[in-house]
Amino acid sequence: ARPELNRAGIAGTFYIQTRSVTRWNSLRRMAEEGHEIASHTWSHPRCSVIGENELRREIERAIEDIRNHLPAGQKVPCFSYPFGLLDESSKAVVSRYHLCARSGVEGLETGDAEHADLQALKAVGAYPPYDIDRLNAFVTEAIASRGWIIVYFHSVSDRNRSGPTTIPLGLFRRHLSFVTGRG
């Protein structure tokens, strides 16, 4: 995804489950290029199921990992709930550490950020059968409503493979082309 976003002139947000990171150099380079490295917890637990103390440890450990491995002064304002699962208790904990958090609720945000629930932002995910026209329709709707949208992908295959969380590169490029064509 990174080289394609760079070619398109689009900065991405990459939600990282830090326990699984083995190559921080790649993430460091992405941050230096202007991409946001955001938190997806340390070990990817279901935030609405684990206790408050465990969730705090998950978040603190992820933030510490990001700050220790990325450029000095790295901020971690954004978060994504693993599996998109949250409840009022997990929202309250997350809000102590992050400015905003992406939920698993599908949709776009209308109006300005002052009226959005920043701890449960809506988003549109790319999942099989990878209907790019559907994703692009959400972008068109966001523009028409003067709203905003988070479109997320789990992984992009440079071998054009497809899977439950992997979109083929060609389809990813098609979506980026659509987005850049809309300015």
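Here is a short chat about a predicted model of a protein chain.

User: Let's start broad: how many helices and strands does the protein chain have?
Analyst: Reading along the sequence, you go through the pattern α-β-α-β-α-β-α-β-β-α-β-β-β-α. Tally that up and the protein chain comes to six helices and eight strands.

User: What is the radius of gyration of the protein chain, and how does the globule rule compare?
Analyst: For 183 residues, the globule rule gives 16 Å. The chain's own value is close to that, so the chain is as compact as a globular protein of that length. Its radius of gyration is 16 Å.

User: How much of the protein chain counts as buried?
Analyst: A residue goes in that group when its relative accessible area is under 20%. As for what the chain leaves exposed, that is about 9,900 Å², with carbon and sulfur atoms supplying 48% of it. Out of the 183 residues, the share that counts as buried is 42%.

User: How far apart do the centres of the positive and negative side chains lie?
Analyst: There are two sets to think about here: 23 positive side chains and 21 negative ones. The distance between the centres of those sets is 6 Å.

User: Zooming in, is Thr18 buried or exposed?
Analyst: Thr18 sits in the loop between strand S1 (13-16) and helix H2 (24-32). Leaving aside neighbours within four places in sequence, its contacts include Trp24, Thr41, Trp42 and Ile66. Its relative accessible area is 3%, and the cut-off is under 20%. Therefore Thr18 is buried.

User: Which residue's side chain makes a polar contact with the side chain of Thr18?
Analyst: Among the residues in contact with Thr18, leaving aside neighbours within four places in sequence, are Arg61, Ala62 and Asp65. A polar contact of 2.7 Å joins the Thr18 side chain to that of one of them. The partner is Asp65.

User: And Gly104: is that one buried, exposed or partly exposed?
Analyst: Gly104 is part of strand S4 (residues 100-106). Its relative accessible area is 44%. Buried would need under 20% and exposed over 50%, with the remaining class in between. So Gly104 is partly exposed.

User: Which residues is Gly104 in contact with, leaving aside its neighbours within four places in sequence?
Analyst: Contact here asks for heavy atoms within 4.5 Å. Glu58, 46 residues away along the chain, has its C-alpha atom 19 Å from that of Gly104. With the sequence neighbours set aside, the contacts of Gly104 are Gly84 and Leu86.

Conventions: Residues are numbered from 1 along each chain as its sequence is written. This is a predicted model: local features need pLDDT of at least 70, side-chain atom pairs count only at pLDDT 80 or more; totals for chains, interfaces and linings use all residues. Side-chain values use heavy atoms; hydrogens and water are left out. Helices (H or I, at least four residues) and strands (E, at least two) are DSSP runs, numbered from the N terminus. Buried means under 20% relative accessible area, exposed over 50%, partly exposed in between (1.4 Å probe, protein chains only). A polar contact is a pair of N or O atoms within 3.5 Å; within protein, one must be able to donate a hydrogen and the other to accept it, and residues adjacent in sequence count only if both atoms are side-chain atoms. The radius of gyration is taken over C-alpha atoms; the globule rule is 2.2 Å times the number of residues to the power 0.38. Accessible areas come from the Shrake-Rupley method with a 1.4 Å probe; for residues, only the protein chains shown count as cover. Lys and Arg count as positive and Asp and Glu as negative; His and the chain ends are not counted. The place of a charge is taken as NZ of Lys, CZ of Arg, CG of Asp or CD of Glu.
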